Amino acid sequence: MATVIKVIGSDPHLLRLLRETGLTCVSTPLESLASLARADMPLPTVLVLDLRDQKEFPSELGVIKRQHPATGVLLVVSSLEPRLMLEAMRAGVNELLADPLSDADVQAAIKRLVGSQAATVRGDVFAFVGAKGGVGTTTVAVNVAAALAKSGAESTLLIDLNTVCGDAAVFLGVEPRFSVVDALANVQRLDAAYFGGLVVRSKFGLDLLGASGRPVSSSFDASRMRTLLEFVSHAYRYTVLDVPRSDATALDALEGATKIVLVVNQELATVRNASRMAATLRERYSQARLSLVLTRTDRRAEIGLDDVERTVGMDVSHSFPSDYRLALQAMNKGRPIALDPQTELAHAFITFAHDLGGAKIEKRSKQEKSRADGLLGRLAPRKA
Ligand SMILES: Nc1ncnc2c1ncn2[C@@H]1O[C@H](COP(=O)(O)OP(=O)(O)OP(=O)(O)O)[C@@H](O)[C@H]1O
Ligand SMILES: [Mg+2]
């Protein structure tokens, strides 16, 4: 998001010093402070409050900081009185400057505020793209997200980038009121409070930004998608994307992704598509960020694992066994398979999530392990 300084006050000297930082600077009167305290108000990167003409410390400031903790607040005062410094500290003010203001002090304070934001840790973004419709991409994406969310205290988000007719919500048994379309249409408003109103939280702690339930005519450019991905990567430890393979805009906006996972099965048309898609994605995002997974694996299938790897030109890093009854049952119940670790398929999803995110996976009982190893030994492909 663009770095913006909002200035409460109108001293031309202060405004000039702030504009010299090269950042966008907007000035508003003190009366607008009350409206900024609302949780749904988007806040700038930096808020500068000129209190030199004010007798009272604005009580709204503490509320603003609590609602928008990421916004850096700089207070400009006539002198550093202890009472005022105490109030500023209680309100969570980040920087304090007193008269006379020097260019160097203002520059340094703004640099510290903007710098501390830039340094905030980025979370991982895992993008899942199916080589063909119906291969099982959403099933993999939902279950990886569920495993990551369940595995610890890390915040996890699933975004159904199918702007229309996405079905990730069904897999989670939730009914989102808002969708990815709302987020893309309002990227300039994105902040924690606004985004929090768009997502729906599942019972086990995974947030979902769902697909639109209605057909939408507006198409969004890649820059909006990038802004959304940039925002979520700072707001969540893990973000899982269910990417429609036919959406060129979404496919072009994945620079921020930690991994792009191509999902295939053992069908001829899928494998052929996968080969073409892998070449395109490799060229666009580099081989290192790309991985290939095989789902609904069938040992008796005519096209074997080696054939898939040879055709696509990559190793299959993980594979997920075929279990149609379980997959269907999970969808009907709105409870991801990965939440109940006793099945083979759940274990494969949990292991994959673990390898992707380094999250703690649940330890299986010895009995479960030996059962799984027996089958896995025959089914699991070699690791990349
Ligand atoms: N490992 C599996 N074993 C058996 N069936 C599976 C497995 N994974 C998914 N399925 C089934 O395959 C069907 C398609 O799954 P899913 O919706 O995940 O695919 P998709 O690639 O996202 O499809 P679309 O292109 O429509 O978005 C569903 O009926 C699902 O239950
Ligand atoms: Mg899908």
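**Exercise 1.** How do the residues of the lining of the second largest pocket divide into nonpolar, polar and charged?

*Solution.* The model is predicted, with local features requiring pLDDT of at least 70 and side-chain atom pairs pLDDT 80 or more, while totals for chains, interfaces and linings use all residues. Residues are numbered from 1 along each chain as its sequence is written, and side-chain values use heavy atoms, without hydrogens and water.

Step 1. A pocket is an open set of points on a 1 Å grid over the protein atoms alone, where a 1.4 Å probe fits, with protein on both sides within 12 Å along at least five of seven lines; lining residues have an atom within 4 Å of a point.

Step 2. The second largest pocket holds about 630 Å³ of space. Its lining has 32 residues, and Gly-134, Val-135, Gly-136, Thr-137 and Thr-138 are the closest to its centre.

Step 3. The lining comprises 13 nonpolar, 13 polar and six charged residues, with Gly counted as polar.

**Exercise 2.** Identify the polar partners and surroundings of ligand 1.

*Solution.* Step 1. Ligand 1 sits in the second largest pocket (more than half of its atoms lie within 2 Å of the grid points).

Step 2. Polar contacts are pairs of N or O atoms within 3.5 Å. Oxygen atoms of ligand 1 are found 3.1 Å from a polar backbone atom of Val-135, 3.0 Å from a backbone N or O atom of Thr-137 and 2.5 Å from a polar side-chain atom of Thr-139.

Step 3. In the shell around ligand 1, α14 provides the largest share, four residues.

Technical notes. Chains lettered and ligands numbered in written order. Points joined across faces, edges and corners; volume = space filled by probe spheres on them. Polar contact = N/O pair within 3.5 Å; in protein donor to acceptor, adjacent residues only side chain to side chain. Helix = DSSP H or I, 4+ residues; strand = E, 2+ residues; numbered from the N terminus.
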